[in-house]
Structure formats: C-alpha cells, structure tokens
Amino acid sequence: MRKGMIALISAITKEIDYKSVEILYDLNITKMEAVYLRIIHEYPGISQYEIAKKQNTDKTLVIKHITNLENKNFIVKKEIDSRKKGVYLTVEGDKAVNFVNKNLENFEEELFKGVEEKEVDLLFNMMTQLKERLELSNRRDHFSYNFKK
C-alpha cells in the first residue's frame, strides 16, 4: 500500500479549498453557501429541512447559511403551503450559481490540462470509490452530487 496517500489527498484538498475561496471572494459567500446555492438551483423550492437531510448536517447550520444567503439577496423563501416554505434563487442567486459553475468548470479544465481523458476517468472512478468507502466506514449516508466527468 502506498504511504502518504492521506497526506497527499489532504494537500490537494487544501489547494482546492484555497482556489474555492479565491473564486467565491467577489461574491462574498462561503464554500457552504455556494454548496447550498447549487442545491437550491438543482431543487427549486427545497425546504431547509430537506437541505439539512441531503447534506447530513444540523438544521441550525443550514438555517444560518440560508439566512446569510437571504440577507445577501441570493435567495428568497416562499410559502408552499401553511406548514412549509421553499427556498428559491433570486436573479442574483442564479447569476452567482452560473458564476460558480463556470469558474469551477474552468478550474477543472486548468487542473487536468495535458492529462489524457482515460486517466481523468480512472482518477474519477477511483475517487468515487474512495468517497463511498469513507462514507461506509463513517456510517454516513451523504448527499451525492450530480458529479460530471
């Protein structure tokens, strides 16, 4: 077995986090707020409870981030029925999601420039397997993003 693999993955994660902060700086949003914007984009009208369930996180954390996004005019809550409010993107929120998606796509292209497609596919499949094994090991059912190769 290879030594230092966890340290290497941690170093890669740190660099990706650094780039993410750089991308999100102008929007004045956090990485988690960007994640929530992307979820709301994919599931318009989703409730805060459903977001917490999908993210396998505490509802109070979701409420905090959703409130921040609402205060920044990226989202709006609308009553769906007498007991449920859904969360929707505003025009600014939609622009933010498009900005984030475009920049992440550009970052991926930059990152894998000069790497053969079959190597990217192999890495993608291996990373997916590692993620699934970690979730099983941690006994977590985690929200699965619609990953695209």
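**A buried glutamate, a core and a hairpin**

Let me start with one residue. Glu33 has 1% relative accessibility, so it counts as buried; the cut-off for that is under 20%. Keep in mind that this is a predicted model.

Where is Glu33? It belongs to helix α2. And what does Glu33 touch? Setting aside residues up to four places away in sequence, the contacts are Asn28, His65, Asn68, Leu69 and Lys72.

Now the helix around it. Glu33 has buried company in α2: Ala34, Val35, Tyr36, Leu37, Ile39 and Ile40 are buried too. What covers them? The cover over the buried residues of α2 includes α1, α3, α4, β1, β2 and α5.

A quick check on the geometry of α2. The helix has twelve residues, and at 1.5 Å a residue they should span 16 Å. The C-alpha atoms at its ends are 17 Å apart, which agrees. One reminder about helices in general. There are 3.6 residues to a turn of an α-helix, so residues three or four places apart point the same way.

Let me step back to the whole chain. We have six helices and two strands. Starting at the N terminus, the order is α-α-α-α-β-β-α-α. The C-alpha trace spans about 55 × 35 × 25 Å along its principal axes. The chain has 149 residues, and 23% of them count as buried. How about contacts along the sequence? Take those between residues at least 6 apart: 53% join residues at least 24 apart.

Next, the core. The largest nonpolar core holds 22 residues. Which of them have the most contacts inside it? Ile29, Tyr36, Leu37, Ile51 and Ile75. Five elements are listed as giving two or more residues: α1 (5-24), α2 (31-42), α3 (48-55), α4 (59-71) and α5 (91-111). The largest share comes from α2, with six residues.

Look at Ile75 from that core. Leaving out residues up to four places away in sequence, Ile75 touches Leu37, Ile40, Ile66, Leu69, Glu70, Val87, Tyr88, Leu89 and Thr90. Two of those names, Leu37 and Ile40, are buried residues of α2.

On to the strands. β1 covers residues 75-81 and β2 covers residues 84-89. They pair in the antiparallel sense, over six bridges. Together they form a hairpin, with two residues between the strands. One bridge to point out: Val76 has Tyr88 as its partner in β2. In a regular strand, side chains alternate between the two faces of the sheet.

Stay on the hairpin for Lys78. Lys78 lies in strand β1. Is Lys78 buried or partly exposed? Its relative accessibility is 45%, so Lys78 counts as partly exposed. It touches Lys84, Lys85, Gly86 and Tyr88, again without residues up to four places away in sequence. The contact with Tyr88 has a charge in it. The charged end of Lys78 sits over the ring of Tyr88, 5.1 Å from the centre.

There is another such arrangement. The charged end of Lys54 sits over the ring of Tyr43, at 4.4 Å from its centre. What about rings with rings? A search of the whole structure finds zero aromatic pairs.

One last distance. Lys78 and Asp26 are 52 residues apart along the chain, and their C-alpha atoms are separated by 27 Å.

To close, back to the start: Glu33 is buried, and it sits in helix α2.

Definitions and conventions. Residues are numbered from 1 along each chain as its sequence is written. This is a predicted model: local features need pLDDT of at least 70, side-chain atom pairs count only at pLDDT 80 or more; totals for chains, interfaces and linings use all residues. Side-chain values use heavy atoms; hydrogens and water are left out. Rings of Phe, Tyr and Trp (its six-membered ring) pair if their centres lie within 6.5 Å; planes under 30 degrees apart count as stacked, over 60 as edge-to-face and the rest as tilted. A charge sits over a ring if NZ of Lys or CZ of Arg is within 6 Å of the ring centre and within 35 degrees of the ring normal. A nonpolar core is a set of buried Ala, Val, Leu, Ile, Met, Phe, Trp, Tyr and Cys residues joined through side-chain atoms within 4.5 Å. Buried means under 20% relative accessible area, exposed over 50%, partly exposed in between (1.4 Å probe, protein chains only). Helices (H or I, at least four residues) and strands (E, at least two) are DSSP runs, numbered from the N terminus. Contact means heavy atoms within 4.5 Å. Two strands pair if DSSP finds at least two bridges between them. The expected span of a helix is 1.5 Å times one less than its number of residues.
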